[in-house]
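Dear colleague,

I am passing on the structure we spoke about, and my notes on one part of it follow below. Please keep it open while you read, so that you can follow each step on the screen.

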Amino acid sequence: MEPGLDAIVFVVDDDAGVRDGLAWLLRSRRLLSETYASAMAFEQMLQSQEGAGEASPPQPCCLLLDVRMPGMSGLALFDTLVARGLHAAMPVIFLTGHADVPTAVDAVKRGAFDFCEKPFSDNALVDRVEQALRRSAEVLAQRRAAKEVQARVTDLTDRERDVMRLVVEGLPNKLIADQLDISVRTVEVHRARVFDKMDVRSAVELANLLRTAAE
Amino acid sequence: MGLGRFARLLWRLSWRLQGSWRRWSLWLLLAVLVVAMLVILVWLAGRYEASQVQSRIERDTADAVADIRSGLARNVQSLQALQANQPLPAEWGGAAAQLLRVHRELMRLEWRDAGLSLRAHADTPYRTMAFDAPDQELQVSSDTQLTCAAARRLNGPSYSSSYFVPRADGLGLEVVELCLPLTRGTRITGYLVAIYGLPEILSDLIGPQISRHQEISFTEADGTRLASLHGAVRRGTRKFSAQQLLDLPGSALVLRMDSWQGAPNLFPNVLTALVTFMSIALVSVLVLLVKDNRLRLQAERDLADALAFRKAMEDSLVTGLRARDLEGRITYVNPAFCKMVGFAAEELLGRVGELPYWPPERSDEYLARQANRFAGELPPRDGFESLFMRKDGTRFPVLIIEAPLINAQGLHTGWMGAFLDLSEQRRIEELSRASHERLQATARLATVGEMASLLSHELNQPLAAISSYATGSLNLLQQEHLPALGALAGHGSGRPAPAVSADLELAMRRIAEQAERAGRVIRSVHDFVRRREQAREATSARDLLDAIMPLVSLQARKLGVQVRCTLEAGLPRVLCDRTMVEQVLLNLARNAMQAMDRPGVLDRRLELGVRRAVSGERGGWVEFSVTDNGPGIPAEVAARLFTPFFTTKPEGMGLGLSLCRTVIEQHGGFLDHAPGATTGTIFSFTLPAMKPA
């Protein structure tokens, strides 16, 4: 899935030269970027977004994060992102000096997308950034789909939701009727309505849909 | 003032003299007393003997007087018996002659009438006396008259005082008259006069056993000798005399008895005295002996206690003790010493010359040392270190403290040595040194790591930026045919070409800026190094060597390396950063010693030399050299010797020599190495000498 043109790369580095250089490089590869001089500044931006009611970033994005920064360090920022579950939708690529490699590796184990050692091989970095953006786009799309399924499920009546649960469990209509103590005919009606509302054509498709939404 | 001091001095002197004098005077007094006592003893014994003799002679005298008295009394009776029957003068003559024959002491008998006229007389037949003179027969001598008057008065026998009767032959005789009044009723009818010869009285009336040994004589009261009887020869030199008064009615005579005795013999008395003295001496010696024995026993007990104490002390010591006499023979070793070297005491005692615990390779050196010692060279007071060998052949370092052994008479009889096993101490030192070194290395490594990290971070930033700009620019140039980026990135301008070139220009400017920034980082490092250069001071080569010597000798001792320093005389001071140069020297010395730490290298010598190098334009140079006699440096190693991070040691960082070279080059000198004369390597470096002001 292509990230799309609105994908954005956040660059958080205390060094203006590095920041601008990266922005310049990304721009040369036609990627939008926003630069932040400190983890605190980025954190403030995120909080303003969340204040607007957005749980996920509005568009595919990724974060190039310097490990070593005065004030809040890159790792501390990463920890807050992990805590809020943002690191999936906004993959984090750490930028490190050679001495920080072990910490960066550790961060990757905890869910960071990648790390890149300074001085980096720039186009390779941009390639990784693009992959990250794709991941972000996927995650966002998935989330959107899940949200849609969720919305459809909320449209169902209680009885229809019961029937759907049993259908997904793979029970034939007869048994569903027995369990819910309703007639087979009624089950068939509910089932048809569930399929219709959930926009699926088979029980298997319904089960897949629900499973992906649950992930 | 002066006088007072003089007096005090005298007093002190006299006091000191008095001390010994008093002791002697006591002995003297004792001797004088003993002698005086013996003399008194001898004298008293003599006196006693004399008094014995005297009393005997007095007794004899008294006996003699009694004999005489009783003899006279008997004669008086005989004379009275003569007149008993009123004899006729003729009859009387016969009886008188008879009487005279029996009594030799009677010289003459006269019968006189009351008028004292001679009626009859008889003379002794033993002597012819001069009584026959005609006048005598007629007239009465005055003596006779006096005596008869006294007899008449007494109405009893009376004696006259003695008088001398000469004889016809010219000699005479002292005689005494006895007048015996003859009475009839109360009327005196006549007188019987008997004349006694005094010598005859002595010889006849006194018992022969008395007269045999003494000279007996009659004397008058004034001492005039009247008659004497020489009974004996003079035997001795000393005269004992006794006198006794013989009082007779009407007269008195003194009987004197003289005895010539030898002076009481001194010899037996001296013998007695000697025996007495001997006994006294014997008893006192006995007392002294007993006392002395008691003291000796006490002393022996004390000595035994002291010995036991000393033994316990020696056995509990961990310090080894060894005594040697002046010939170098081992006379004593304590258990700690035996334990230390692993030999039994019997194996060591009496050994002389080469000792079993000397490592064979060093025995020459030790023999020389021992010879020095016996030549009278005193060992250092705080001891010296040496290497000993245990019985199993392992070597161990010892600290030896030796002191001369002075006996009670103040004679130097040998040497006493105390030995401390240093191997444990050495091991601990070595451990602590190793751990200290490791710690230092770690710290240094940490510092270097920190520095490298900081430096790399500082350089990474501009480099990263440069790299980004450059890559971006390349990207742009490759994409020149594509629509302008500016539009996409919101950079305003719609014209692609000018936008691209503007972007590129911006990127190039940024690249330049970042490169300059990187340059600043490098310059700051340079400045740091330059600041250190200002820490240079004038230092003498001796100070530099002295500073590292403790550490060097510590390692040298461990590896068995002999260290020698040779300094040229009159070296100028060098201008250097002391700490850094000391590190360089230490580093080179350690490398040298490690190079020799191989089993094959037996003769391990490290030489630190300092000399004046060839002087250059900028004044003199001082050359330091560190020489070892290890195996030398292989050519392939030599080529990479100063390359950073090149090392042949398992734990080395490979920075030592390269850092050394950097330090020396910062000082303007150079560090080089060359193979040694036969084996080994010489590392040398130069430092600028202080210009004379």
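Please bear in mind that this is a predicted model. I begin with one pair of strands: β17 of chain B is joined by six bridges to β19 of chain B, residues 605–612, and the two run parallel. Within this pair, B:Thr566 stands opposite B:Gly609 of β19(B).

Both strands belong to an open sheet of five strands in chain B, whose order is β17-β19-β20-β22-β21 and whose pairing is mixed. Its edge strands are β17 (562–567) and β21 (671–675) of chain B, each of which pairs on one side only. From one strand to the next, the twist averages 15°. As general background, strands of a sheet pair through backbone hydrogen bonds, either parallel or antiparallel.

Helix α14 of chain B, residues 541–559, packs on this sheet, where it touches β17, β19 and β20 (621–628) of chain B, and its direction makes about 170° with that of β17(B).

A further helix worth following is α17 of chain B, residues 656–666, in which B:Leu657, B:Cys660, B:Val663 and B:Ile664 are buried. Seen down the axis of α17(B), these buried residues fall within an arc of 120°, and therefore they line one face of the helix. In general, an α-helix has 3.6 residues a turn, so residues three or four places apart point the same way. The buried residues of α17(B) pack against α15 (578–596), β21 and β22 (681–688) of chain B. After α17(B) comes B:Gly668, which has a positive phi, near 90°.

With best wishes

Conventions:
Residues are numbered from 1 along each chain as its sequence is written. Chains are lettered from A and ligands numbered from 1 in the order in which they are written. This is a predicted model: local features need pLDDT of at least 70, side-chain atom pairs count only at pLDDT 80 or more; totals for chains, interfaces and linings use all residues. Two strands pair if DSSP finds at least two bridges between them. Helices (H or I, at least four residues) and strands (E, at least two) are DSSP runs, numbered from the N terminus. Axes are lines fitted to C-alpha atoms, for helices over the stretch in contact, and angles run from 0 to 180 degrees between N-to-C directions. Two residues are in contact if their C-beta atoms, placed from the backbone, lie within 7 Å. A residue is buried if 20 or more other C-beta atoms lie within 10 Å of its own, exposed if 12 or fewer, and partly exposed in between; C-beta atoms are placed from the backbone. The arc is that of the directions from the helix axis to the C-beta atoms.
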